[in-house]
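Here's a quick walk through one protein model, with a few spots picked out for a closer look. Keep the structure open while you read.

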Amino acid sequence: MTFEELQELLAEQFSCDTAELSRGVALSDLGADHEDMVELAWALGEALGVEIDESELNVDMTIGELWRFAVDLAENAEM
């Protein structure tokens with residue numbers, strides 16, 4: 001998954017433009033709530049081919065932190 005693909009996934013989920021989704025934007029800035037975290041965990045897991053528990057995500061994460069989380073998951077899944 002590329003950062004741009006993550007932006008696309010978030011833009012679709014939060015009905016916004018990818019230009020608004022810089023690394024410093026927190027998920028809470030997008031109006032994320034618990035239900036969004038459940039959906040995001042599912043969508044991200046689908047995209048990466050791994051299972052993600054929504055408790056691993058939180059609304060205070062920035063998009064940059066979410067990206068690092070996704071990259072780490074993908075790298076560990078390959079091992």
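## The aromatic pair

There's one aromatic pair in this structure, which is a predicted model. The two rings belong to F3 and W67: their centres sit 5.8 Å apart and their planes meet at 80°, so the pair counts as edge-to-face. It ties together distant parts of the chain, since F3 is in helix 1 and W67 in helix 3, with the two positions 64 residues apart.

Are these two residues buried or exposed? F3 has a relative accessible area of 10%, so F3 is buried. W67 comes in at 16% relative accessibility and counts as buried too, because the cut-off is under 20%.

## Helix 3

Helix 3 covers residues 63–78, and its length checks out. At 1.5 Å a residue, its 16 residues should span 22 Å, and the end C-alpha atoms are 23 Å apart, which agrees.

Which residues of helix 3 are buried? The list runs I63, G64, L66, W67, F69, A70, V71 and L73. Helix 1 and helix 2 are among the things that cover these buried residues. If you're wondering about the spacing in that list, an α-helix has 3.6 residues a turn, so residues three or four places apart point the same way.

## A11 in helix 1

A11 lies in helix 1, which takes in residues 3–14. With 10% relative accessibility, A11 counts as buried. Setting aside neighbours within four places in sequence, A11 is in contact with C16, D17, T18 and L21.

For a sense of scale, take A11 and V50: they're 39 residues apart in sequence, and their C-alpha atoms are 21 Å apart in space.

## D36, a buried acid

D36 belongs to helix 2, residues 34–48. Here's the odd bit: D36 is buried yet has no salt bridge. Where's the nearest side chain of opposite charge? That's R23, and it is 22 Å away from D36. A salt bridge needs the charged atoms within 4 Å.

So what does D36 touch? Leaving out neighbours within four places in sequence, its contacts are Q13, F14 and G31.

## How confident is the prediction?

The mean pLDDT of the protein is 94, and 99% of the residues reach 70 or more. Going element by element, helix 1 has the highest mean pLDDT, at 96, while helix 3 has the lowest, at 91.

Methods: Residues are numbered from 1 along each chain as its sequence is written. Side-chain values use heavy atoms; hydrogens and water are left out. Helices (H or I, at least four residues) and strands (E, at least two) are DSSP runs, numbered from the N terminus. Buried means under 20% relative accessible area, exposed over 50%, partly exposed in between (1.4 Å probe, protein chains only). Lys and Arg count as positive and Asp and Glu as negative; His and the chain ends are not counted. Contact means heavy atoms within 4.5 Å. The expected span of a helix is 1.5 Å times one less than its number of residues. pLDDT is the predictor's confidence in each residue, from 0 to 100. Rings of Phe, Tyr and Trp (its six-membered ring) pair if their centres lie within 6.5 Å; planes under 30 degrees apart count as stacked, over 60 as edge-to-face and the rest as tilted.
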